[in-house]
Amino acid sequence: MILVFGGAYQGKTEYAQSLCGDAADKTTEICDLSDGGEPDFTKEIITGLDAFALRCVQEGVYPADYFRERRDQWEHCVLVATDISQGVVPIDAGLRAAREANGRLLIYLAEEAEQVHRVFCGIGKRIK
Amino acid sequence: MNVLISGGCKNGKSFFAQQLAADLAAGRPLYYIATMIPRDEEDRARIRRHIAERAGWGFTTIEQGKSIASLIGREDVDLSGSFLLDSVTAVLENEMFPVALKDGKAEFLGEDRDAPERVRQELVAFARAAAEAGGSVVFVSDGIYGDSCGYSESTENYRRALAGADRALAAVCDRVTEVTYGITEEWK
């Protein structure tokens with residue numbers, strides 16, 4: 001598994017596609033979790049992990065546990081997450097819990113990942 | 001050589017950028033593109049402080065908070081010089097959220113939805129024109145993309161537009177540097 005993270009609007013999905021070798025004649029299938037639903041691990045790229053973490057917490061599921069229980073399903077995936085760890089502590093208790101659960105999910109995924117890349121201004125850099 | 005500098009706010013980006021722009025000048029004209037359009041006394045005080053901080057560095061100040069591409073072809077601007085544009089953030093704000101000053105007070109005129117594309121194109125055009133003339137531009141922007149809370153629609157539009165400008169500049173700049181508490185990380 002490859003984990004790609006970075007701030008909002010930094011070009012993370014395009015970067016993930018470039019890691020998958022996307023070109024004019026090749027488009028990797030993407031499962032975008034920011035639109036709702038559960039991860040479809042048959043897709044090579046999964047984006048919006050942060051939005052999924054928020055929904056998990058709202059439904060009483062711990063997102064790191066969700067991924068741990070499905071360890072064998074996402075080994076081939078490129079997982080894409082927005083880094084939401086840099087701002088002010090949210091006033092809303094639900095958002096606060098979601099931000100923490102998101103952090104713990106990313107710590108777990110970064111540990112398990114073969115490669116971790118950070119994206120900044122559209123440029124990616126492998127940091128693991 | 002064109003350079004994009006970004007990173008968190010109040011992290012030492014401007015100081016690093018000033019040194020870099022002065023080094024890049026190497027005897028050629030050194031310009032500071034002042035982008036803040038003062039709206040109140042707080043802004044005017046900040047501008048006075050910035051002017052004092054730049055004293056002795058040899059910068060010629062150009063007041064240009066909008067329409068950056070209009071610097072191309074101006075008689076009093078030598079494009080083969082070294083420019084410091086601080087900041088992309090302010091230029092985008094000035095163009096996206098224009099104000100009218102009435103009796104010393106700022107009155108918002110609403111969001112200009114065409115500004116993101118226009119600003120992106122003008123910044124890239126200026127970078128290219130300076131590079132073609134043998135000059136250099138140091139662009140300073142701000143990393144405001146790590147928050148967990150959602151913002152209002154217009155603020156999200158602004159964050160998306162600034163990221164778009166940063167990415168377009170990163171693509172045409174020779175060097176992209178992130179500054180964190182004065183420490184630099186090279187991305188390109």
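Which residues have the most contacts inside the largest nonpolar core? That is where these exercises on a predicted model begin.

**Exercise 1. Find the centre of the core and see what surrounds it.**

Step 1. The largest nonpolar core counts 79 residues, and B:Val138 and B:Phe139 are the ones with the most contacts inside it.

Step 2. Now ask which element feeds this core the most. That's H5(B), with 8 residues.

Step 3. Take B:Val138 and skip its neighbours within four places in sequence. What's left in contact with B:Val138 is B:Val3, B:Ile5, B:Ala17, B:Leu20, B:Ala21, B:Phe83, B:Leu84 and B:Leu85.

**Exercise 2. Work out how H3(B) sits against H5(B).**

Step 1. Start with the axes: helix H3 (residues 88-96) of chain B and H5(B) come within 10 Å, crossing at roughly 130°.

Step 2. Put a word on that angle. The two helices, H3(B) and H5(B), are therefore oblique to each other.

Step 3. Get the hand of the crossing: H3(B) passes H5(B) in a right-handed one.

Step 4. List who touches whom. From H3(B) come B:Val88, B:Thr89, B:Leu92 and B:Met96, and from H5(B) they meet B:Tyr158, B:Ala161, B:Leu162, B:Ala165 and B:Asp166. Sorted by class, the contact of H3(B) with H5(B) has 7 nonpolar, 1 polar and 1 charged residues.

**Exercise 3. Do the same for H4(B) and H5(B).**

Step 1. Helix H4 (residues 115-132) of chain B packs on H5(B) at an angle of about 20°, and the axes are 9 Å apart.

Step 2. Since roughly parallel covers angles under 35 degrees, H4(B) is roughly parallel to H5(B).

Step 3. Check the hand here too: H4(B) passes H5(B) in a right-handed crossing.

Step 4. On the H4(B) side you'll find B:Pro116, B:Val119, B:Arg120, B:Leu123, B:Val124, B:Ala127 and B:Arg128, meeting B:Ala161, B:Gly164, B:Ala165, B:Ala168, B:Leu169 and B:Val172 in H5(B). The residues of this contact split into 10 nonpolar, 1 polar and 2 charged.

**Exercise 4. Describe the side of chain B that touches chain A.**

Step 1. Count the residues: 19 of chain B are in contact with 18 of chain A.

Step 2. Pick out the elements of chain B that give two or more residues to its side. They are strand S1 (3-6), helix H5 (153-172) and strand S8 (175-180).

Step 3. Which element gives the most to that side of chain B? H5(B) does, with 7 residues.

Step 4. Split the chain B side by class, and you get 8 nonpolar, 4 polar and 7 charged residues.

**Exercise 5. Move to chain A and analyse H2(A) against H4(A).**

Step 1. The axes of helix H2 (residues 49-58) of chain A and H4(A) come within 8 Å, with a crossing of roughly 125°.

Step 2. H2(A) and H4(A) are therefore oblique to each other, and their crossing is right-handed.

Step 3. H2(A) brings A:Leu49, A:Asp50, A:Ala53, A:Leu54, A:Cys56, A:Val57 and A:Gln58 to the contact, while H4(A) brings A:Gly94, A:Ala97, A:Ala98, A:Ala101, A:Asn102 and A:Leu105. The classes come to 9 nonpolar, 3 polar and 1 charged.

Step 4. Stay on this helix for A:Arg104, which lies in helix H4 (residues 93-112) of chain A. A:Arg104 counts as partly exposed because it has 15 C-beta neighbours inside 10 Å. Between A:Arg104 and A:Leu79 there are 15 Å, C-alpha to C-alpha, and the two are 25 residues apart in sequence.

**Exercise 6. Track down the unusual backbone spots.**

Step 1. Set the baseline: most residues other than glycine have a negative phi, and most peptide bonds are trans.

Step 2. Look for a cis peptide bond. One joins B:Asp86 and B:Ser87, with omega about 25°. B:Ser87 falls in the loop between strand S4 (82-86) and H3 of chain B.

Step 3. Turn to phi. A:Tyr9 isn't a glycine, yet its phi is positive, about 65°. A:Tyr9 sits in the loop between strand S1 (2-6) and helix H1 (12-19) of chain A.

Step 4. B:Ala26 isn't a glycine either, and has a positive phi of about 45°. Its place is the loop between helix H1 (13-25) and strand S2 (30-34) of chain B.

Step 5. Is each one exposed or partly exposed? A:Tyr9 has 19 C-beta neighbours inside 10 Å, so A:Tyr9 counts as partly exposed. B:Ala26 has 9 such neighbours inside 10 Å, so B:Ala26 counts as exposed.

How values were computed:
Residues numbered from 1 in each chain as written. Chains lettered and ligands numbered in written order. Predicted model: local features only at pLDDT ≥ 70, side-chain atom pairs only at ≥ 80, totals over all residues. Contact = placed C-beta atoms within 7 Å. Helix = DSSP H or I, 4+ residues; strand = E, 2+ residues; numbered from the N terminus. Nonpolar A, V, L, I, M, F, W, Y, C, P; charged D, E, K, R; others polar. Axes fitted to C-alpha atoms, helices over the stretch in contact; angles between N-to-C directions. Parallel < 35°, antiparallel > 145°, perpendicular 65-115°, else oblique. Left-handed = near helix turned anticlockwise from the far one by under 90°. Core = buried A, V, L, I, M, F, W, Y, C linked by C-beta atoms within 7 Å. Buried ≥ 20, exposed ≤ 12 C-beta atoms within 10 Å, placed from the backbone.
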